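Colleague: I'd like to go through the side-chain interactions with you and hear the reasoning behind each label.
Modeller: Sure, let's pull it up and take the labels one at a time.

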Amino acid sequence: MTATTTPQALTRPTRQFIPKIITLSAWADVSPFFDDLQSRPIQSADDLRRWLHDRSELESYLSEDFAWRYIRSTCNTADEALTSALNFFITDIQPHLAEIGNILDERTVASPFLAELTTEPATNNGQGYAVMVRGMKKAIEIFREENIPLFTNLQTEERQYGAIVGGMTVSILGKELTLPQAADRLLLPDRPARQEAWRKIQARRFQDSQVLDSLFDTLVALRHRVAENAGFANFRDYSFAALGRFDYTPADCFLFHESVAEAVVPMLNELAVDRKRRLGVSELRPWDTAVDPDNLPPLKPFGTGAELLGKTIACFDRLD
């Protein structure tokens, strides 16, 4: 008999630096903690370690706060209050974070006690600082104050994509469906139903193609300005630095692309031929690529969120 796993309530580590509950409605709600980090004396390696832990705790809280604002706004793109809450973080919080983050990075790498931390083995109480410091130094190198408002503009424009795409719906069998809901019909054994869903999805996307093309052009221009301000020829090279890609280069990526073309694409072509044969169609079309190749109905492994959570926990419990 298979044991049933009951979802357990998640518990958070006890906060040591900031209160358990904070309401973020203005920068003033968190600025005192950053003031503390800027002015607190650091007179030993232990002081620095505690300081870094406190900074991490504060930034983790803000990162989670932003993530929830983003998630909630994308779950209901028509809710203006949720959109305003996200935009508040982008326009009123993140510019401060970018500026003070650079100040704290500079204080970290300038500390005379940093060497004691970076020479510790990663297995020493789970602490390993060398990689973190490497990223900080690169962030300091590419930081430009004039890019702060550009990042705000970028996030505001990027938010538009989610709002536009999240608001797209199509009508199928008298029901108004979101595009992800309509895409579920691409798994049906009924080929005409798959074709109808695919065509309606593409038609709805095309309806906003000019708006999305214009948005993309705006983003390209803003990103290129960010890169030029930081001394890079293009946004790709800037991104390699900003994302901390120290261990591979654009040239390595091009080699990887070539390897995929040589080794993977032929295999995918063979699988497509096999899929066409198993489906019994004379021509493989876009609405034939997701359905089970033996025309079996789509799996329905769960029906509720609680069931999904319980089964996911059971899967992880069985991993070695």
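**Labels and cut-offs**

Modeller: To start with, Asp 36, Arg 40, Arg 50 and Asp 54 are joined by salt bridges into a network. Keep in mind that this is a predicted model. In total there are 19 salt bridges in the structure.

Colleague: Why is the contact between Arg 69 and Asp 65 called a salt bridge?

Modeller: The N to O distance between their side chains is 2.5 Å. The cut-off is 4 Å between a side-chain nitrogen of Lys or Arg and a carboxyl oxygen of Asp or Glu, so the pair qualifies. Arg 69 and Asp 65 are four residues apart in helix α2 (residues 45–75), which means about one helical turn separates them. Both Arg 69 and Asp 65 are buried.

Colleague: What makes Asp 247 and Arg 134 a salt bridge?

Modeller: Their side chains meet at 3.8 Å, N to O. The limit is within 4 Å, so this one counts too. Asp 247 sits in the loop between α10 (235–242) and α11 (250–279) and Arg 134 in helix α5 (residues 130–142), so the pair ties together parts that are 113 residues apart in sequence.

Colleague: Why is Asp 247 called exposed, and why is Arg 134 partly exposed?

Modeller: Exposed means over 50% relative accessible area, and Asp 247 has 66%, so the label fits. Arg 134 has 32%, which falls between the 20% and 50% limits, so Arg 134 is partly exposed.

Colleague: And how do you know that Asp 237 and Arg 236 form a salt bridge?

Modeller: Their closest N and O atoms are 3.0 Å apart, and the cut-off is within 4 Å, so they do. Asp 237 is partly exposed at 23% relative accessibility, and Arg 236 is partly exposed at 40%.

Colleague: What makes Arg 185 buried?

Modeller: Buried means under 20%, and Arg 185 has 18% relative accessibility, so buried it is. Arg 185 lies in the loop between α7 (179–183) and α8 (191–207). Leaving out residues up to four places away in sequence, Arg 185 touches Ile 172, Leu 173, Leu 177, Ala 193, Arg 194 and Ala 197. The C-alpha atoms of Arg 185 and Pro 298 are 9.2 Å apart, with their positions 113 residues apart along the chain.

Colleague: How many disulfides are there?

Modeller: Zero. Cys 75 is exposed at 65% relative accessible area, and Cys 315 is exposed at 53%.

Colleague: Now the rings. Why is the pair of Phe 66 and Phe 89 called tilted?

Modeller: There are seven aromatic pairs in the structure. For Phe 66 and Phe 89, the centres are 5.2 Å apart and the planes are at 50°, which is neither under 30 nor over 60 degrees, so the pair is tilted. This pair links distant parts of the chain, with Phe 66 in helix α2 and Phe 89 in helix α3 (residues 80–110), 23 residues apart. Both Phe 66 and Phe 89 are buried.

Colleague: What makes Phe 232 and Tyr 238 edge-to-face?

Modeller: Their planes are at 85°, and over 60 degrees counts as edge-to-face, so that's the label. The distance is 5.7 Å centre to centre. Phe 232 is partly exposed at 21%, whereas Tyr 238 is buried at 8%. Ring pairs join Phe 232, Phe 235 and Tyr 238 into a cluster.

Colleague: Last one: what makes the charged end of Arg 245 sit over the ring of Phe 240?

Modeller: The charged end of Arg 245 is 4.9 Å from the ring centre of Phe 240. The distance limit is within 6 Å, so that part of the test is met.

Conventions:
Residues numbered from 1 in each chain as written. Predicted model: local features only at pLDDT ≥ 70, side-chain atom pairs only at ≥ 80, totals over all residues. Heavy atoms only, no water. Helix = DSSP H or I, 4+ residues; strand = E, 2+ residues; numbered from the N terminus. Buried < 20%, exposed > 50% of the residue type's maximum accessible area, 1.4 Å probe, protein only. Contact = heavy atoms within 4.5 Å. Disulfide = S-S within 2.5 Å. Phe/Tyr/Trp six-rings, centres within 6.5 Å; stacked < 30°, edge-to-face > 60°. Lys NZ or Arg CZ within 6 Å of the ring centre and 35° of its normal.
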